[in-house]
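Me: I keep seeing words like "buried" and "salt bridge" and I'd like to know what earns a residue such a label. Can we go through some cases together?

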Amino acid sequence: METQFVKVQSNKDIIISVLLIIMGSILIATPVGASLNVVGGMLFFTGLIMVFVLKSNYKNLDDGMKYAKKELYFVNGVKDTLLAAMKSAPESIEVNAKANGNTLRLDVYYNKAANKAYMQLFEYVPYRYEVCSDMMEYDVAQVEKLIK
């Protein structure tokens with residue numbers, strides 16, 4: 001079975017949306033002036049939209065746990081090196097900020113509480129990223145250097 005991740009709301013996303021709705025409701029209800037009522041209406045409306053749109057975590061469909069995601073970009077010349085490092089020693093992958101390209105994308109999904117991490121490599125083919133590797137599971141300690 002292939003591991004799949006879908007976007008879901010984090011607790012932080014829910015709190016932000018609810019706070020905007022509450023602040024907007026309070027500003028609408030207070031009789032201090034039309035301008036604050038308009039601002040309250042905009043906050044309320046923004047909070048309602050964010051309830052449905054704001055999703056910053058990823059849920060693993062296999063185990064139902066929430067994961068954070070980090071994307072790392074590399075130049076095309078290191079593809080074979082990255083694939084070999086992913087299979088044998090992911091802690092040896094070097095992230096060099098000066099040599100970043102956008103041809104290769106390494107997606108790292110991690111959950112520190114569960115001590116699980118997943119990595120998958122993608123290659124840019126005009127207009128989209130295509131999968132270059134299988135989804136590989138690791139301990140968070142093995143990918144700690146990548147998620148900092």
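What follows is a chat about how such labels are earned in this predicted model.

Me: Let's begin on the surface. Why is Val32 called exposed?
Reply: Exposed means over 50% relative accessible area. Val32 comes out at 57%, so the label fits. You'll find Val32 in the loop between α1 (11–29) and α2 (34–53).

Me: And which residues make a nonpolar surface patch with Val32?
Reply: Leu36, Val38, Val39 and Met42 join Val32 there, and the patch covers about 430 Å².

Me: Okay, what makes Ser133 buried?
Reply: The cut-off for buried is under 20%. Ser133 has a relative accessible area of 7%, so Ser133 is buried. Ser133 sits in the loop between β6 (128–131) and β7.

Me: What does Ser133 touch in there?
Reply: If you skip residues up to four places away in sequence, Ser133 touches Leu83, Met86, Gln120 and Leu121. With Leu121 there's a polar link too: the side chain of Ser133 reaches the backbone nitrogen of Leu121 at 2.9 Å. A polar contact needs N or O atoms within 3.5 Å, and 2.9 Å is the value here.

Me: Is Ala84 buried, exposed or partly exposed, and how do you know?
Reply: Partly exposed is what lies between the 20% and 50% limits. Ala84 has 42%, so partly exposed is the right label. Ala84 belongs to helix α3, and its C-alpha atom is 28 Å from that of Asn57, 27 residues apart along the chain.

Me: What makes up the largest nonpolar core?
Reply: It has 20 residues, and those with the most contacts inside it are Met86, Ile93, Leu106, Val108, Met119 and Leu146. Two or more residues come from each of β3 (66–74), α3 (79–88), β4 (104–111), β5 (116–125) and β7 (136–138). Another core, of six residues, lies apart from it and includes Tyr58, Tyr109, Tyr118 and Met135.

Me: Which residues is Ile93 in contact with?
Reply: Leaving aside neighbours within four places in sequence, the list is Phe74, Leu82, Ala85, Met86, Leu106, Met119, Lys145 and Leu146.

Me: Now charges. Why is the pair of Lys69 and Asp107 called a salt bridge?
Reply: The rule asks for a side-chain nitrogen of Lys or Arg within 4 Å of a carboxyl oxygen of Asp or Glu. For Lys69 and Asp107 the N to O distance is 3.7 Å, so by that rule the pair is a salt bridge. Lys69 lies in strand β3 and Asp107 in strand β4, so the pair ties together parts that are 38 residues apart in sequence.

Me: How exposed or buried are Lys69 and Asp107?
Reply: Lys69 counts as partly exposed because its value is 24%. Asp107 counts as buried because its value is 1%.

Me: What about Arg105?
Reply: Arg105 also meets Asp107 in a salt bridge, at 2.9 Å from N to O. With 14% relative accessibility, under the 20% cut-off, Arg105 counts as buried.

Me: How many salt bridges are there in the whole structure?
Reply: A search finds seven. One of them joins Arg128 and Glu130 at 2.8 Å, N to O. Arg128 is exposed because it has 51%, and Glu130 is partly exposed because it has 30%. Elsewhere, salt bridges that share partners link Lys69, Glu71, Arg105 and Asp107 into one network.

Methods: Residues numbered from 1 in each chain as written. Predicted model: local features only at pLDDT ≥ 70, side-chain atom pairs only at ≥ 80, totals over all residues. Heavy atoms only, no water. Patch = residues over 30% accessible without salt bridge, like charges linked within 9 Å, V, L, I, M, F, W, Y side chains within 5 Å. Areas by Shrake-Rupley, 256 points an atom, 1.4 Å probe, with all protein chains shown as cover. Helix = DSSP H or I, 4+ residues; strand = E, 2+ residues; numbered from the N terminus. Buried < 20%, exposed > 50% of the residue type's maximum accessible area, 1.4 Å probe, protein only. Core = buried A, V, L, I, M, F, W, Y, C linked by side-chain atoms within 4.5 Å. Contact = heavy atoms within 4.5 Å. Polar contact = N/O pair within 3.5 Å; in protein donor to acceptor, adjacent residues only side chain to side chain.
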